[in-house]
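Got the model open in your viewer? Set it to cartoon, keep the selection box handy, and follow along stop by stop.

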Amino acid sequence: MTKPVIVLGGGGHAKVLIAILRRLNCRLLGIVDPNQTIGQLVHGLNVLGADNAIFDYSNTEIELVNGVGSLPKDKGLRAALFNTFNAQGYRFKTVIDPTALIAEDVELSHGVQVMTGVIIQVGAKIAENTILNSGAIVEHDCRIGRHVHIAPGAILSGTVNVSDHVHIGTGATIIQGISIGANSIIGAGSAITQDIAYNQIVYPPRPRIESIKEQ
Ligand SMILES: CC(C)(COP(=O)(O)OP(=O)(O)OC[C@H]1O[C@@H](n2cnc3c(N)ncnc32)[C@H](O)[C@@H]1OP(=O)(O)O)[C@@H](O)C(=O)NCCC(=O)NCCS
């Protein structure tokens with residue numbers, strides 16, 4: 001039997017996850033969030049308190065869902081919460097939206113979040129606490145590290161290797177066989193055709209914006 005769930009964080013990412021968890025008929029105990037008031041309803045769930053309210057439950061009776069999102073330069077909190085509660089023996093639920101298409105042999109570590117409409121092809125391996133956001137495509141034999149965020153609509157062609165703490169921006173495209181070094185940021189809409197080293201930021205070309213001349 002699946003265990004009841006506590007969601008960490010009450011922001012936008014948590015809101016989408018809660019909608020998925022409801023579709024999966026999960027038993028939701030509530031939210032922990034230091035910025036909300038105990039007893040308040042957030043996204044239809046009770047606020048149980050700050051993060052340490054989790055310790056009111058033993059690590060064998062509940063599972064956690066990391067609802068804290070991850071932005072390119074603001075991804076530390078999500079990883080830190082995962083590491084803190086994981087070290088205390090709490091298990092982070094692997095969340096898979098029912099609309100995702102996942103090949104049979106794909107390996108998803110605990111705490112991976114596969115959001116609406118994601119496709120993951122044969123031979124792919126995804127490490128813990130990584131987000132595959134709405135509509136992302138991960139092609140065959142990709143390796144994706146821990147605490148990675150593949151943002152909405154990003155496409156990884158076959159055998160792409162993504163190291164830990166990487167952000168692949170919305171709608172970015174990575175061609176086959178590329179490696180992305182740890183902690184790097186791939187800007188939204190970039191097309192990546194060469195390996196990216198550790199701790200790099202990739203800015204895509206900027207669109208040219210002009211005022212339309214009056215007729
Ligand atoms: C690439 C990205 C990370 C840059 O973010 P940022 O650093 O906050 O961007 P800024 O607009 O503040 O630009 C920072 C600097 O880079 C420069 N820059 C930005 N885009 C550039 C480009 N395409 N070419 C050259 N320089 C650029 C800016 O001029 C600025 O320089 P300055 O500090 O001298 O003014 C961001 O545009 C992006 O793509 N984020 C991904 C968002 C995403 O995936 N969201 C998913 C949510 S679910």
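A word on element names before you click: helices (H or I, at least four residues) and strands (E, at least two) are DSSP runs, numbered from the N terminus. What you have on screen is a predicted model, where local features need pLDDT of at least 70, side-chain atom pairs count only at pLDDT 80 or more, and totals for chains, interfaces and linings use all residues. Residue numbers start from 1 along each chain as its sequence is written.

**Stop 1: the two domains**

Colour 5-87 and 94-201 separately: these are domain 1 and domain 2, with bounds that come from an automatic or database domain assignment. Their centres, taken over C-alpha atoms, sit 23 Å apart. Across the boundary, 14 residues of domain 1 are in contact with 14 residues of domain 2; contact here says that the two C-beta atoms, placed from the backbone, lie within 7 Å. On the domain 1 side, H1, S5 and H2 each give two or more residues, and H1 has the largest share with 5 residues. That side divides into 9 nonpolar, 2 polar and 3 charged residues. For the sorting, Ala, Val, Leu, Ile, Met, Phe, Trp, Tyr, Cys and Pro count as nonpolar, Asp, Glu, Lys and Arg as charged, and the others, Gly among them, as polar.

**Stop 2: the core**

Now select Val-7, Leu-132, Val-138, Ile-150 and Ile-168, the residues with the most contacts inside the largest nonpolar core, which has 57 residues. Such a core is a set of buried Ala, Val, Leu, Ile, Met, Phe, Trp, Tyr and Cys residues joined through C-beta atoms within 7 Å. A residue is buried if 20 or more other C-beta atoms lie within 10 Å of its own, exposed if 12 or fewer, and partly exposed in between, with C-beta atoms placed from the backbone. Elements that supply at least two core residues include strand S1 (5-8), helix H1 (12-23), helix H2 (76-87) and strand S21 (185-186). H1 gives the largest share, 5 residues. Both domain 1 and domain 2 give residues to this core, so it lies between them.

**Stop 3: Val-32**

Jump to Val-32 in strand S2. Is Val-32 buried or exposed? It is buried, because 24 other C-beta atoms lie within 10 Å. Leaving aside neighbours within four places in sequence, Val-32 has contacts that include Ile-6, Leu-8, Leu-48 and Ile-54. Try a distance label to Asp-51: 19 residues apart in sequence, the two are 5.3 Å apart in space, C-alpha to C-alpha.

**Stop 4: two open sheets**

Over to the strands. Two strands pair if DSSP finds at least two bridges between them. One open sheet has 6 strands in the order S7-S10-S13-S16-S19-S22, with parallel pairing. Strand S7 (101-102) and strand S22 (191-192) stand at the edges with a single partner strand each, so one side of each has no neighbour in the sheet. Zoom in on S7 and strand S10 (residues 119-120), a parallel pair with 2 bridges, and you'll find Ile-102 opposite Ile-120.

Another open sheet has 5 strands, ordered S8-S11-S14-S17-S20, and its pairing is parallel. Its edge strands are strand S8 (107-108) and strand S20 (179-180), each pairing on one side only. Strand S14 (residues 143-144) joins strand S17 (residues 161-162) through 2 bridges, and Ile-144 has Val-162 as its bridge partner.

**Stop 5: Val-162**

Stay with Val-162, which sits in strand S17. Val-162 counts as buried because it has 28 C-beta neighbours inside 10 Å. Beyond four places in sequence, its contacts include Arg-143, Ile-144, Ile-168 and Ile-180. Pro-34 is 128 residues away along the chain, and the C-alpha atoms of the two are separated by 32 Å.

**Stop 6: the ligand**

Which residues are closest to the ligand? Select Ala-151, Gly-169, Gly-187, Ala-188 and Tyr-203, the closest of the 13 residues that surround it; a residue is near a molecule if its C-beta atom, placed from the backbone, lies within 6 Å of it. The shell divides into 8 nonpolar, 4 polar and 1 charged.

**Last stop: a backbone oddity**

Finish at Asn-129, in the loop between strand S11 (125-126) and S12. It has a positive phi of about 65° although it is not a glycine. Most residues other than glycine have a negative phi.
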